[in-house]
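Here is a set of short exercises to work through with the structure open beside you. Try each task before you read its solution.

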Amino acid sequence: MIDIRDLRVRFGQGADAVTAVDGVTLSVREGESFGLVGESGSGKSTVLRAVSGLNDEWTGRIAIAGTEQGPKRQKSFYKLCQMVFQDPYGSLHPRHTVDRILAEPIAIHGLGDANGRIDRVLRDVGLGPAFRFRYPHQLSGGQRQRVAIARALVLEPRLLLLDEPTSALDVSVQAEILNLLRRLRAEHGLTLVLVTHNLAVVANLCDRLAVMNRGRLVEEMTVEELRRGAARQPYTLQLLRASQGYDRATAEGFRDYA
Amino acid sequence: MTDQKTADDTPLLDVSNLRVAFPTRNGVTEAVRGVSFTLGREKLGIVGESGSGKSMTGRSILRLVPSPGRVTADRLAFNGEDLLAASPRRMRDIRGRRIAMVMQDPKYSLNPVMTVGRQIAEAYRVHSKAGAAEAKRRALEMLAAVHIRDPERVYDRYPHEVSGGMGQRIMIAMMLIPDPDLLIADEPTSALDVTVQMQVLAILDDLCSQRGMGMIFVSHDLNLVASFCDRILIMYAGRVVESCRASELHAAQHPYTRGLLASLPRIDEPPGDLPVLSRDPAWLEA
Ligand SMILES: Nc1ncnc2c1ncn2[C@@H]1O[C@H](COP(=O)(O)OP(=O)(O)OP(=O)(O)O)[C@@H](O)[C@H]1O
Ligand SMILES: Nc1ncnc2c1ncn2[C@@H]1O[C@H](COP(=O)(O)OP(=O)(O)OP(=O)(O)O)[C@@H](O)[C@H]1O
Ligand SMILES: [Mg+2]
Ligand SMILES: [Mg+2]
């Protein structure tokens with residue numbers, strides 16, 4: 001479903017330039033759920049933004065569903081691939097109702113039956129019709145995140161990219177969102193790519209994962225390997241240790257991997 | 001409520017029957033409904049679902065509850081001093097220098113038109129009367145201490161030019177630079193990867209154990225709070241429904257706490273649906 005070869009993304013010019021993504025090669029199969037983890041600032045969001053066409057300053061090769069992608073995407077691309085952003089508070093227009101938020105992509109893509117589609121997608125994400133005419137500030141954090149997911153799903157994409165979809169949510173709401181994503185995947189055969197800091201979330205939802213550090217993909221593993229702690233790279237081993245909870249002595253032993 | 005007092009037996013913080021209420025068009029919303037605890041030179045965790053009143057509890061200690069919110073308490077004392085009776089001028093003095101708070105959303109708390117380095121340096125100068133060069137040197141040290149790579153480069157950035165994880169560390173640096181006695185940290189590390197998170201927590205831990213700072217740590221991450229803090233309050237609908245030693249969180253008794261723990265995914269468990277909370281009206285009165 002996704003095939004990335006030697007992806008590179010740079011920001012800025014001259015002495016101020018940063019190489020945010022430094023030669024990433026990665027593929028995700030149709031129907032697979034794939035986790036992307038790693039250091040803060042290592043380029044995870046930048047990879048997602050390049051794949052979804054939000055960033056056009058990249059080099060390398062990106063193919064989605066067998067089609068080679070250029071820097072600019074056509075409208076039809078967004079029927080295939082949608083992204084859910086990290087911040088459930090910032091990504092919804094504060095003065096638009098849920099109905100209007102969901103109607104907009106339908107209108108942009110000239111699809112019919114807006115009414116039926118909105119009704120179905122709200123049910124899909126576990127929000128009844130009662131939520132349809134509410135404003136974002138009248139929803140809880142978890143409900144807002146469901147609306148953001150509904151907005152991505154309303155075009156019935158085959159590929160969903162999620163950037164930290166649960167990090168701002170409490171643990172019970174996180175469980176609701178993870179259960180929802182699992183059900184959508186089973187019912188619609190969705191392919192999922194999930195960026196997160198939480199390895200337990202990856203273990204719950206994904207089949208495979210990749211670990212990034214300083215713009216590079218340092219290791220790929222299956223979730224079975226993750227569960228057994230069977231990592232090969234020192235950076236990944238450090239990440240696994242850090243996931244076991246706080247320990248002062250363990251923190252002392254951490255180092256930077258270049 | 002457990003009473004864990006400091007050696008000289010005046011607690012750093014003494015809170016009794018704290019209430020926060022917001023008048024709205026449809027009556028009064030009670031965000032905090034009678035919270036009591038004392039804090040010594042220790043790390044106190046506050047956990048609980050979204051909207052349970054964690055942030056409002058933290059903000060009311062600094063009298064930073066937004067209007068039209070009203071704060072009342074039978075007692076709200078810092079080092080024996082009544083915070084509810086303190087003048088606005090006295091509160092400004094306490095805020096920052098004696099009690100610092102890392103807010104939940106760092107982007108809103110930073111001044112968007114001043115470089116992050118200058119903001120940290122100013123925070124130092126307000127309380128220390130240091131010269132500009134000295135303040136800059138201390139600010140750069142602080143940025144390095146919170147594991148910001150390349151502090152010189154980051155010093156000259158504006159808030160919108162740093163990532164979420166960097167913003168959180170900048171806020172922490174700014175709050176720690178005046179060397180407060182009490183730090184209230186509201187989800188201070190939620191945007192950090194687990195390795196950097198642990199390194200930043202180690203700094204806070206050392207300030208508590210070596211300089212006797214007290215700390216209130218608000219977080220959704222139950223495992224993190226259980227391993228990092230000394231004691232935990234579990235909040236539901238504006239009340240503390242249970243409190244325990246951090247190391248005993250996993251043996252907590254209240255069905256709400258048990259429900260939160262059950263909904264956590266685990267790295268060593270196979271994938272599958274997670275239990276979600278079903279709320280019991282009786283918890284409101286607990
Ligand atoms: N618009 C931009 N201008 C300049 N630099 C940027 C921009 N966007 C990202 N960067 C830089 O690119 C690098 C990678 O950022 P990215 O947001 O992809 O990291 P990330 O892995 O998603 O981190 P986090 O876990 O903190 O979200 C960082 O060094 C960041 O500062
Ligand atoms: N200005 C306001 N007017 C009315 N109610 C408010 C206002 N601000 C906050 N509240 C309510 O106060 C309650 C407690 O909010 P608080 O921010 O303390 O929750 P929290 O436990 O920190 O949640 P989270 O984990 O989502 O940050 C919530 O139910 C919230 O809706
Ligand atoms: Mg990111
Ligand atoms: Mg809060």
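**Exercise 1. Find the salt-bridge partner of Arg5(A) in this predicted model, and say whether Arg5(A) is buried, partly exposed or exposed.**

Solution.
- Step 1: Look for a carboxyl oxygen close to the side-chain nitrogens of Arg5(A); the cut-off is 4 Å.
- Step 2: Asp3(A) fits, with the closest N and O atoms 2.8 Å apart.
- Step 3: Now check the surface. Arg5(A) has a relative accessible area of 37%, so it is partly exposed.
- Step 4: Asp3(A) comes out at 21%, which also counts as partly exposed, because buried means under 20%.

**Exercise 2. What separates Glu224(A) and Arg227(A) along their helix?**

Solution.
- Step 1: Locate the pair. Both sit in helix α8 of chain A, residues 223-228.
- Step 2: Count along the chain: they are three residues apart, so about one helical turn lies between them.
- Step 3: Check the distance. Their closest N and O atoms are 3.8 Å apart, and the pair forms a salt bridge.
- Step 4: Glu224(A) is partly exposed, at 44% relative accessibility.

For another pair to look up, try Glu68(A) and Arg61(A), whose side chains meet in a salt bridge at 2.8 Å, N to O. Glu68(A) is partly exposed at 47%, and Arg61(A) is partly exposed at 31%. Some salt bridges join up, too: Asp6(A), Arg8(A), Asp22(A) and Arg216(A) are linked in a network. Over all chains, the count comes to 40 salt bridges.

**Exercise 3. Describe the surroundings of Trp58(A).**

Solution.
- Step 1: Place the residue. Trp58(A) lies in strand β4 of chain A, residues 58-64.
- Step 2: Buried or exposed? With a relative accessible area of 11%, Trp58(A) is buried.
- Step 3: List some contacts. Leaving out residues up to four places away in sequence, Trp58(A) touches several residues, including Leu7(A), Arg8(A), Ala50(A) and Pro71(A).
- Step 4: Pick out Arg8(A). Trp58(A) and Arg8(A) are 50 residues apart in sequence, yet their C-alpha atoms are 5.6 Å apart in space.
- Step 5: Look for a polar partner. The Trp58(A) side chain reaches the backbone oxygen of Asn55(A) at 3.2 Å.

**Exercise 4. How much area do chain B and chain A bury between them, and which residues of chain B supply the most?**

Solution.
- Step 1: Start with the area. The two chains bury about 3400 Å² between them, with 56% of it on carbon and sulfur atoms.
- Step 2: Find the big contributors. Arg149(B), Met198(B) and Ile267(B) supply 22% of the area that chain B buries against chain A, more than any other three residues.
- Step 3: Count the residues involved: 41 come from chain B and 40 from chain A.
- Step 4: Look for charge pairs. Three salt bridges cross the interface; Arg149(B) forms a salt bridge with Glu39(A), at 2.8 Å between the closest N and O atoms.
- Step 5: Add the polar contacts, which come to 14 residue pairs between the two chains.
- Step 6: See which elements take part. On chain B's side, α7, α8 and α9 each give two or more residues, and α8(B) gives the most, with eight.
- Step 7: Sort chain B's side by type: 19 residues are nonpolar, ten polar and twelve charged.

**Exercise 5. How many residues make up the largest nonpolar core, and which element gives the largest share?**

Solution.
- Step 1: Recall the background: in soluble globular proteins, nonpolar side chains tend to be buried together.
- Step 2: The largest core holds 120 residues, and Leu209(A) and Phe217(B) are among those that touch the most other members.
- Step 3: α8(B) gives the largest share, ten residues.
- Step 4: Don't miss another core, apart from that one, with 32 residues, among them Val35(B) and Phe78(B).

**Exercise 6. Describe the backbone at Pro68(B), Lys129(B) and Asp150(B).**

Solution.
- Step 1: Know what is usual: most residues other than glycine have a negative phi, and most peptide bonds are trans.
- Step 2: The bond from Ser67(B) to Pro68(B) is cis, with omega near 10°. Pro68(B) lies in the loop between α1 and β4 of chain B.
- Step 3: Lys129(B) has a positive phi, near 60°. Lys129(B) lies in the loop between α4 and α5 of chain B and is exposed, at 70%.
- Step 4: Asp150(B) also has a phi near 60°. Asp150(B) lies in the loop between α5 and α6 of chain B and is partly exposed, at 43%.

Note on methods: Residues numbered from 1 in each chain as written. Chains lettered and ligands numbered in written order. Predicted model: local features only at pLDDT ≥ 70, side-chain atom pairs only at ≥ 80, totals over all residues. Heavy atoms only, no water. Contact = heavy atoms within 4.5 Å. Buried area = accessible area lost by both parts, 1.4 Å probe. Polar contact = N/O pair within 3.5 Å; in protein donor to acceptor, adjacent residues only side chain to side chain. Helix = DSSP H or I, 4+ residues; strand = E, 2+ residues; numbered from the N terminus. Nonpolar A, V, L, I, M, F, W, Y, C, P; charged D, E, K, R; others polar. Core = buried A, V, L, I, M, F, W, Y, C linked by side-chain atoms within 4.5 Å. Buried < 20%, exposed > 50% of the residue type's maximum accessible area, 1.4 Å probe, protein only.
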